[in-house]
Every structure is written in C-alpha cells, then in structure tokens.
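Student: I am new to this structure and would like a close look at a single part of it. Could you walk me through the residues of one surface patch and then the surroundings that go with it?

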Amino acid sequence: MNFLVDFFKALNGNVKPSEIAHGFTLAFMLALIPSGNLLWILLFCITLFLRINKAAYFIFLCLFKLVVFAFDPFLDQVGYIILSYGPVQEVMDRLYNIPFFGFFGFANTIVTGAFATSIILYIPLYFLFLALVQLYRNKIAEVYRKSFLYKFFMKIPFFKKFSDLLKKAGSKI
C-alpha cells in the first residue's frame with residue numbers, strides 16, 4: 001500500500017517526470033529479462049542506486065512481469081539471430097570460457113534477445129512514458145478529479161481511505 005501511496009504522490013506531486021519515466025522504463029527493461037541469472041540481479045542492484053522513482057519502478061516491475069511472457073517467442077528469435085551471427089558467436093565462445101560469465105545467462109537466447117531489445121527500446125519508451133506522465137499531469141488528472149467516476153470511487157471506504165492517505169502524504173489527488 002505504501003508503494004501505491006508513494007507512486008500517486010509522485011505522479012500528482014512535484015517529483016520530476018523524468019524520474020517517474022526512468023522508473024517505468026527500467027521496470028520494463030528488467031521485466032523483459034528472465035530473472036534468476038546474474039545479469040538480472042546485477043541490473044536490479046544497480047537500479048536501486050539510481051535516482052528514479054522507486055515506487056513506480058517496483059509497481060510496474062510487478063505489472064510488466066505479469067505480461068512479458070507473451071514476448072518470449074519474439075525475444076527468443078531476436079536472441080537466436082544475435083547469437084547465431086558469426087562474429088558474435090566467436091566472441092561469445094571466448095567470453096563463455098571466462099569464469100562466472102556463464103552465470104550472466106547470455107548463452108540463453110531469451111536473455112540475449114531481451115537484453116538487446118530492452119536496450120534498443122529504452123530511449124523510445126522513456127520518451128513515451130515521459131509524455132504520458134506529462135499528459136496525465138496536464139490534462140487527465142484534473143478531468144478525472146471532476147468526473148463522476150472519481151466521485152463514485154470516493155464514496156467507497158477503501159478508496160476514501162486511500163485518498164486520505166495521499167492527502168496526508170501531500171499529494172494533490
């Protein structure tokens with residue numbers, strides 16, 4: 001519940017939109033990569049030290065992880081194309097003989113495809129999420145607060161309490 005409160009506080013508050021957009025984008029990047037390898041663990045640890053909105057990061061990491069399995073066939077094909085390319089194959093053979101490199105999981109086509117795809121998509125997704133955050137702040141938030149749906153949800157005790165928590169935390173919602 002605290003992550004939700006922190007996320008909505010950031011979304012409606014004075015937090016830089018870029019921090020929220022980086023949180024979304026890094027969550028998507030990490031969600032694409034199958035967990036359980038050293039690459040995932042290393043990227044996860046690095047993101048904990050970056051200046052991003054952690055609430056957006058953790059919430060969307062969980063949400064994206066629920067749906068990314070649908071991309072696995074595509075990521076497998078991308079990884080296969082990368083790993084079967086001649087020069088890359090030679091480099092990977094050499095790297096795989098280095099101790100602990102195998103724990104990164106780059107020999108797995110889905111890991112390689114997901115990592116390459118997430119790097120390629122990082123900048124476009126960042127600007128997409130940045131535009132969505134700005135659109136929400138400038139247009140959608142005010143329209144939503146005046147809507148029938150908002151007034152309906154505020155009559156439900158759970159949402160009323162959630163809204164009170166947000167107001168107590170300093171959010172404008």
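Tutor: Happy to help; here is the patch, followed by the annotated segments and two threonines.

This is a predicted model, in which local features need pLDDT of at least 70, side-chain atom pairs count only at pLDDT 80 or more, and totals for chains, interfaces and linings use all residues. Residues are numbered from 1 along each chain as its sequence is written, and side-chain values use heavy atoms, with hydrogens and water left out.

Let us begin at the surface. L38, I41, F100 and F103 form a nonpolar patch there, with about 420 Å² of accessible area together. A patch joins residues with over 30% relative accessible area and no salt bridge, linking like charges within 9 Å and nonpolar side chains (Val, Leu, Ile, Met, Phe, Trp, Tyr) within 5 Å. A salt bridge is a side-chain nitrogen of Lys or Arg within 4 Å of a carboxyl oxygen of Asp or Glu, and accessible areas come from the Shrake-Rupley method with a 1.4 Å probe, where for residues only the protein chains shown count as cover.

Two members deserve a visit. L38 lies in helix α3, residues 38–49; helices are DSSP runs of H or I with at least four residues, strands are E runs of at least two, and both are numbered from the N terminus. L38 is partly exposed, at 33% relative accessible area, while F100 is exposed at 59% (buried is under 20%, exposed over 50%, partly exposed in between). F100 sits in the loop between α6 (86–96) and α7 (109–145), and its phi is near 75°, a positive value in a residue other than glycine.

Now the annotated segments. An unreviewed UniProt entry gives "transmembrane region" for residues 20–50, 57–83 and 103–136; such annotations may be inferred rather than shown by experiment. Residues 20–50 are 81% helix and 0% strand, with end C-alpha atoms 12 Å apart. For residues 103–136, the values are 82% helix and 0% strand, and the end C-alpha atoms are 41 Å apart.

Finally, the threonines. T25, in helix α2 (residues 17–32), is buried at 2%. Beyond four places in sequence, T25 is in contact (heavy atoms within 4.5 Å) with Y122, L125, Y126 and F129. T117 belongs to helix α7 and is buried at 11%. Leaving out residues up to four places away, T117 touches L32, F74, L75 and V78. A polar atom of the T117 side chain also lies 2.6 Å from the backbone oxygen of G113.

Definitions and conventions. Buried < 20%, exposed > 50% of the residue type's maximum accessible area, 1.4 Å probe, protein only. Polar contact = N/O pair within 3.5 Å; in protein donor to acceptor, adjacent residues only side chain to side chain.
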